Amino acid sequence: MSKLKSIDEIEAQWYDLVRPKDRQKFQHYKGGKYEILATGFLEDTETPCIIYRSIEKNIVWVRTAQNFLEEVEYRGVMKPRFKQI
């Protein structure tokens with residue numbers, strides 16, 4: 001991928017998303033609790049992403065911000081994949 005975007009253009013991708021702050025806590029729709037470690041961008045695509053840690057198991061995960069913040073259908077009900085707690 002050609003890196004033709006400026007830093008401002010890359011950062012602007014967060015404008016339509018709610019960018020969580022470091023140390024905020026979230027609960028996954030299936031129950032697990034997580035802490036935000038950082039937000040950033042995938043290097044190869046410059047896609048906004050969220051780096052978070054399982055509080056119970058101390059495992060670090062990375063998801064695109066869009067995936068982290070989207071709603072999912074669970075048992076016939078739409079709900080956020082992660083909800084701030």
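Reader: Let me start with one pair: in what do the side chains of K25 and E35 meet?

Author: The general idea is that side chains of opposite charge can pair when their charged atoms come close. Here, K25 and E35 meet in a salt bridge, at 3.6 Å from N to O. The pair links distant parts of the chain, with K25 in strand β1 (residues 25-28) and E35 in strand β2, 10 residues apart. A salt bridge is a side-chain nitrogen of Lys or Arg within 4 Å of a carboxyl oxygen of Asp or Glu. Strands (E, at least two residues) and helices (H or I, at least four) are DSSP runs, numbered from the N terminus.

Reader: Before we go on, what kind of model is this?

Author: It is a predicted model, in which local features need pLDDT of at least 70 and side-chain atom pairs count only at pLDDT 80 or more, while totals for chains, interfaces and linings use all residues. Residues are numbered from 1 along each chain as its sequence is written, and side-chain values use heavy atoms, leaving out hydrogens and water.

Reader: Thanks! With which other residue does E35 form a salt bridge?

Author: With R53, where the closest N and O atoms are 2.8 Å apart. E35 lies in strand β2 and R53 in strand β3, so this pair ties together parts 18 residues apart in sequence. K25, E35 and R53 are thus linked in a network of salt bridges.

Reader: Are E35 and R53 buried or exposed?

Author: Both are buried. Buried means under 20% relative accessible area, exposed over 50%, and partly exposed in between (1.4 Å probe, protein chains only). E35 has 9% and R53 has 19%, whereas K25, at 31%, counts as partly exposed.

Reader: What polar contact does the side chain of R53 make?

Author: The R53 side chain makes one with the side chain of N58, at 3.3 Å. A polar contact is a pair of N or O atoms within 3.5 Å; within protein, one must be able to donate a hydrogen and the other to accept it, and residues adjacent in sequence count only if both atoms are side-chain atoms.

Reader: Now the core: how many residues does the largest nonpolar core have?

Author: In soluble globular proteins, nonpolar side chains tend to be buried together. Here the largest nonpolar core has nine residues, among them W14, F26 and F82. Strands β2 (33-41) and β3 (48-54) and helix α2 (65-69) each supply at least two of its residues. Such a core is a set of buried Ala, Val, Leu, Ile, Met, Phe, Trp, Tyr and Cys residues joined through side-chain atoms within 4.5 Å.
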